[in-house]
Amino acid sequence: MKQSLRLLTLDQIRAFVSVCEHGSFTNAAKDQSRTQTAVTRQIRAAEDILGEKLFHRCRGHFEGPTEAGEKLLPFAIKILAVLEDAWMCLERPGLKGTIRVGVMDDIDMNWLLELIGRFKALHPECDVTVISDFSTRLEKRLDQRELDVAIVKTLIRTQQGEVSNAHKTLRREPLLWAAGAGFGLRQREPLPLVLFHEGCVYRHHVIQRLESAGVPFRIAYEGQSYSHLRAAAAAGLGVTALAESQVAMGGLQSLVEVAGTRLDPLSDVEIAMKALHTRKNLALSGFMREVMRSSKQDRQAFCTSDNQVMTRLQELELA
């Protein structure tokens, strides 16, 4: 194994990481602007060199990395990250301009600001401006060319659309029904909901699911503050919908039914980085590469880090 690892090519490593990130050979091929056959060939060549299967396949369907693939992945990511660092160091004199970044409200801004600081240190002639808003509004501003790139949350449908070089997946996870530990509901009472204001993709999805299932509901709390929404749900005001990592932070519990009424499963959620144009904007391309590199190294980058919220949630648990 030690000798065979040295025979892996960078193309094989890139193909392997891309398949892991996109969850399919088809989307990995689109991301790399290659044919699916070419990506498959690279993976099979890597497996032959290593003498190990890297992915589970059943009747031609992708089922995720094998144990060997999971062990190899963090090292493959590090290899590509070192190459990105070297590339950016050589590219540094040529990067200059202005980059307008849109960021969804519930991202960890500390992570993003640290990233911008590192990027500015590498490229002092680049100016980065940041706007925070709902994902749907950011996408509209991106379409109207008021932004160069937007980090947004979207729902993953059964039939996924085209994956382009201007669409980079940063994180994927299930969207869960959740409520505070003490939440209760009387029979025949409309389901109270704790939701963001109009414009949130979670809100639209939750209402659509309940209406389709014929479950009566009412809006018990709505707002624009992510921390207030979490606190309202934890205090027992109603049921909300949050990504799995956000529920796991504490103060909330996931739900599959309420008062005997089963809640239909929600779609998975994706945090993605979207841009309209990258080829003619070297500064934007460099910034997007830095975001991708950092997101691979820190999978918690997109969870809220509001210490005051966590303290409040702990108080509610003890009350």
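Here are some notes on this structure, which is a predicted model.

1. Start with the overall make-up. The chain has 319 residues, and 46% of them are buried. Its secondary structure comes to 12 helices and 13 strands.

2. Next, a word on contacts along the chain. If you take contacts between residues at least 6 apart in sequence, 76% of them join residues at least 24 apart. One pair to look at is glutamate 290 and isoleucine 116: they sit 174 residues apart along the chain, yet their C-alpha atoms are separated by 9.1 Å.

3. Stay with glutamate 290 for a moment. You'll find this residue in helix H11, which covers residues 282–297. Is glutamate 290 buried or exposed? Its relative accessible area is 2%, so glutamate 290 counts as buried, the cut-off being under 20%.

4. Now for the inside. The largest nonpolar core has 35 residues, and the members that touch the most others are Trp177, Leu191, Leu210 and Val239. Several elements each supply at least two residues of this core: strands E6 (167–179), E7 (191–196) and E9 (240–243), along with helices H8 (201–213) and H9 (226–234).

5. Leucine 210 is a handy place to look around. Which residues does leucine 210 touch, leaving aside those up to four places away in sequence? The list runs Trp177, Leu191, Leu193, Val215, Phe217 and Leu263.

6. There is also a second core, separate from that one, with 24 residues; Phe119, Cys126, Ala283 and Met288 are among them.

7. On to the cysteines. Cysteine 126 has a relative accessibility of 0%, and therefore counts as buried. Cysteine 200 is buried too, at 2% relative accessibility. How many disulfides does the count come to? With a pair of cysteine sulfur atoms needing to be within 2.5 Å, the count is zero.

8. Finally, the outside. The accessible surface of the chain comes to about 16,600 Å², and carbon and sulfur atoms account for 50% of that. On the surface, Leu10, Ile79 and Leu83 form a nonpolar patch, together offering about 220 Å² of accessible area.

9. Leucine 83, one of the residues in that patch, belongs to helix H5, residues 67–91. Why is leucine 83 called partly exposed? Because its relative accessible area is 34%, which falls between the under 20% of buried residues and the over 50% of exposed ones.

Methods:
Residues are numbered from 1 along each chain as its sequence is written. This is a predicted model: local features need pLDDT of at least 70, side-chain atom pairs count only at pLDDT 80 or more; totals for chains, interfaces and linings use all residues. Side-chain values use heavy atoms; hydrogens and water are left out. Helices (H or I, at least four residues) and strands (E, at least two) are DSSP runs, numbered from the N terminus. Buried means under 20% relative accessible area, exposed over 50%, partly exposed in between (1.4 Å probe, protein chains only). A nonpolar core is a set of buried Ala, Val, Leu, Ile, Met, Phe, Trp, Tyr and Cys residues joined through side-chain atoms within 4.5 Å. Contact means heavy atoms within 4.5 Å. Patches are made of residues with over 30% relative accessible area and no salt bridge: like charges are joined within 9 Å, nonpolar side chains (Val, Leu, Ile, Met, Phe, Trp, Tyr) within 5 Å. Accessible areas come from the Shrake-Rupley method with a 1.4 Å probe; for residues, only the protein chains shown count as cover. A salt bridge is a side-chain nitrogen of Lys or Arg within 4 Å of a carboxyl oxygen of Asp or Glu.
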